[in-house]
Amino acid sequence: MGTQSCINIQKEWDIVGARQLGRDIAKKIGFGTVDQARIATAVSELARNIYLYADSGKVCFEAIETIDKKGISMIAIDSGPGISDISLVMQDGYSTSRGLGAGLPGVKRLMDEFDLISEKEQGTEVKTIKWLR
Amino acid sequence: MGNVIDLDAKNYKSLLKNYIETQDEKFLYRAEQISKSFLKNNILPEEIVNLHMQALDELYPSLSGEFQRSMNFLLETMISYGLAHQEFQTLREEQLALKSQIAVAASMQDTLLATSKPNIEGLDIGVISVPANQMNGDYHHFIESNDGSIGIALADVIGKGVPAALCMSMIKYSMDSFPENAMQPKSILENLNRVVERNVDPSMFITMFYAQYQPKDNKLHYASAGHEPGFYYNAKRDKFEEIEAKGLVLGVSLDAKYHQYNLHINKDDMIILLTDGVTECRQGERFIEREEVLNVIRDHAHLSAQEMVDRVYKYFQRLQNFQLRDDFTLIILRKDV
Amino acid sequence: MNLDINVTNLNDKSTCAVAGEIDIYTAPKLKEAILPLTKQKGQLVEVDLENVSYMDSTGLGVFISALKSTKENDSQLKLVNLQDRVLRLFNITGLNEIMDLNSTIHGGK
């Protein structure tokens, strides 16, 4: 297991920093150009959610390894208002129809594994993994 | 899927090379076919850009660094399109699933609301009812009583589609629960009004025309709950008149009362009942006036009642470019003895 | 197809000037504008329909729910300046008998 690197998200420019860090780690693990771009986009979506809906939060990256595969794990944590209807925000068309981009369903598509925990008034934690093929 | 892209990658590279060297149209035609194959196999745009980058790198290793970086930039801009494409696919599948559910509901509705045209000697009946979407918010029903009279119910729920259709089933079951005989049009409307008022959303309402025809004395008894007025054709005077019947729509006021009217029907007279889908037809920005319906009926008065309603429907369907805006129901009764 | 709604408030009276077409797509907007006004006790809600050229039955539905709301909340609803085509809908459905309608501008035709 590698060590965790985190980046705090407070202003819009922090999203760029998070993308860069995510891409660098993905590159080091050995992801190709297309997957690097997908991972960077997923980071963007997660970081932008923090920037837009929670006052602050962070995105953490980690290179992970099992017996037979390697991958990148990303965790986005915020202490924002939480998501009251998770099924709704995970619905296709919900985010795009509001002009908010790919949203969480997009992140789920870009990555291989996706988990979300959210408590009202306490915040949201999104954990996601992409495996190297 | 991996196989498809590997196979296409080889193909793509050789086609690209051939095209760059000859600029022959046939290679562009092959590119078009590859494009379709990509789409069919859900190959995303960023993967295609990547394929292009790899092919170029193998064919022309000495291309400038600036050019290669520009391709990276292009790939990045394709990611959201790829996501949108995937989302579109999922939504399309969901839409198909929904459509088939609605089709099942529509066929259930057809069974539930089925009614058959009664065979009454001396009375020629024509009916057509077509929903704008899959489910019909118009309702018509014929009831034959033991005393030889027939009841004709015609109703229109505000709005259309599934909510309207659900509401119609309620009307049908309430009517079924009324005693077989001795129900006057006005009491039927008064009873239904209470059912609707108690059971539907405040912004929902239903209009209904209920008529009872007694062949023994050639009398039509009728009452209307805010329904689009029908027409009476007086054969002797060769004139259409609006059937006047006042009454509040169902579901607005619990204690609404309905007035009952009578009409004596002679040979060749016609009763024309309709829902507002018939008269609210629009041709572009132009509204179709009610008189237009009558003109079409008059033009086809030599035909049977069923042929007449079919002709009117076809006429308005064409006027609206074959896309109904609202459910359409038309009933014509003609006394032919 | 668009619907513009302009609300002006003066003491206990709200005037809604509505312009455009009221149909299944625009009716929710009308409902959102009018219904909250009728929930204020003692309020007179006047809806000016002079610039409404078309309305279908979903529009009637909005006014029916507004009327029901005025009864529950002790407020008043008044519709003014109805064009002939719109007025006809209220007359056919019998709603003219239970609603306060004033169509002096176009009703004389």
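The exercises below concern a predicted model of chains A, B and C, and each is followed by a worked solution.

**Exercise 1. The sheet of chain A**

Determine the strand order of the open sheet in chain A, and explain why one side of β1(A) and of β4(A) is left without a neighbour.

Solution.

Step 1. Establish the order. The open sheet of chain A has 5 strands, arranged β1-β2-β3-β5-β4 with antiparallel pairing.

Step 2. Locate the edges. β1 (5-9) and β4 (113-119) of chain A each have a single partner strand, so each has one side without a neighbour in the sheet.

Step 3. Describe the twist. From one strand to the next, the twist in this sheet averages 15°.

Step 4. Examine the pairing at one edge. β4(A) runs antiparallel to β5(A), residues 123-131, and 7 bridges join them. Within this pair, A:Asp115 has A:Lys127 in β5(A) as its bridge partner.

Step 5. Add the helices. Helix α1(A), residues 12-29, packs on the sheet and touches β1, β2 (57-65) and β3 (70-78) of chain A. The direction of α1(A) makes about 165° with that of β1(A). Helix α2(A), residues 33-53, lies across β1, β2, β3 and β5 of chain A and runs at about 10° to β3(A).

**Exercise 2. Contacts between the chains**

State which pair of chains has the most contacts, and describe the side of chain A that touches chain B.

Solution.

Step 1. Survey the pairs. There are 2 pairs of chains that touch, and the most contacts are between chains B and C. Chain A and chain C do not touch, their nearest C-alpha atoms being 17 Å apart.

Step 2. Describe the contact of chains A and B. Here 12 residues of chain A are in contact with 14 residues of chain B. On the chain A side, α2 and α4 (103-110) are the elements that give two or more residues. The greatest contribution is that of α2(A), with 5 residues. The chain A side comprises 4 nonpolar, 5 polar and 3 charged residues.

Step 3. Describe the contact of chains B and C. In this case 18 residues of chain B are in contact with 14 residues of chain C. The chain B side comprises 8 nonpolar, 6 polar and 4 charged residues.

**Exercise 3. A helix pair between chains A and B**

Characterise the crossing of α2(A) with α3(B) by its distance and angle, and name residues that meet there.

Solution.

Step 1. Choose the descriptors. The angle between the axes and the distance between them describe two packed helices.

Step 2. Apply them. The axes of α2(A) and α3(B), residues 45-59 of chain B, come within 9 Å and cross at roughly 145°. The crossing is right-handed.

Step 3. Identify the residues. A:Thr33, A:Val34 and A:Ala37 of α2(A) meet B:Glu46, B:Glu47 and B:Asn50 of α3(B). By class, the residues of this contact are 2 nonpolar, 2 polar and 2 charged.

Step 4. Relate the positions to helix geometry. Residues three or four places apart point the same way, because an α-helix has 3.6 residues a turn.

**Exercise 4. The covering of α4(A)**

Determine how many residues of α4(A) are buried, and what covers them.

Solution.

Step 1. Count the buried residues. α4(A) is mostly covered, with 6 of its 8 residues buried.

Step 2. Name them. They are A:Gly103, A:Leu104, A:Pro105, A:Gly106, A:Val107 and A:Leu110.

Step 3. Find the cover. It includes α2, α3 (86-89), β4 and β5 of chain A, together with α4 (65-112) of chain B.

**Exercise 5. The sheet of chain C**

Trace the open sheet of chain C and state which strands stand at its edges.

Solution.

Step 1. Establish the order. The open sheet has 5 strands in the order β1-β2-β3-β4-β5 (chain C), with mixed pairing. Its edge strands are β1 and β5 (100-102) of chain C, each pairing on one side only. The twist averages 20° from one strand to the next.

Step 2. Follow the antiparallel pair. β1(C), residues 3-10, and β2(C), residues 13-22, pair over 8 bridges in the antiparallel sense. C:Asn6 has C:Ala17 in β2(C) as its bridge partner. The two strands β1(C) and β2(C) form a hairpin with 2 residues between them, and C:Asn11 in the turn has a positive phi of about 50°.

Step 3. Follow the parallel pairs. β2(C) pairs with β3(C), residues 44-55, over 9 bridges in the parallel sense, and C:Ile22 stands opposite C:Met55. β4(C), residues 76-80, runs parallel to β5(C), with 3 bridges joining them.

Step 4. Place the helices. Helix α1(C), residues 27-38, makes a right-handed β-α-β unit with β2(C) and β3(C). Helix α3(C), residues 84-92, lies across β3 and β5 of chain C, at about 115° to β3(C).

Notes. Residues numbered from 1 in each chain as written. Chains lettered and ligands numbered in written order. Predicted model: local features only at pLDDT ≥ 70, side-chain atom pairs only at ≥ 80, totals over all residues. Pairing = 2+ DSSP bridges. Helix = DSSP H or I, 4+ residues; strand = E, 2+ residues; numbered from the N terminus. Axes fitted to C-alpha atoms, helices over the stretch in contact; angles between N-to-C directions. Contact = placed C-beta atoms within 7 Å. Nonpolar A, V, L, I, M, F, W, Y, C, P; charged D, E, K, R; others polar. Buried ≥ 20, exposed ≤ 12 C-beta atoms within 10 Å, placed from the backbone. Right-handed = clockwise from strand over helix to strand, strands pointing away. Left-handed = near helix turned anticlockwise from the far one by under 90°.
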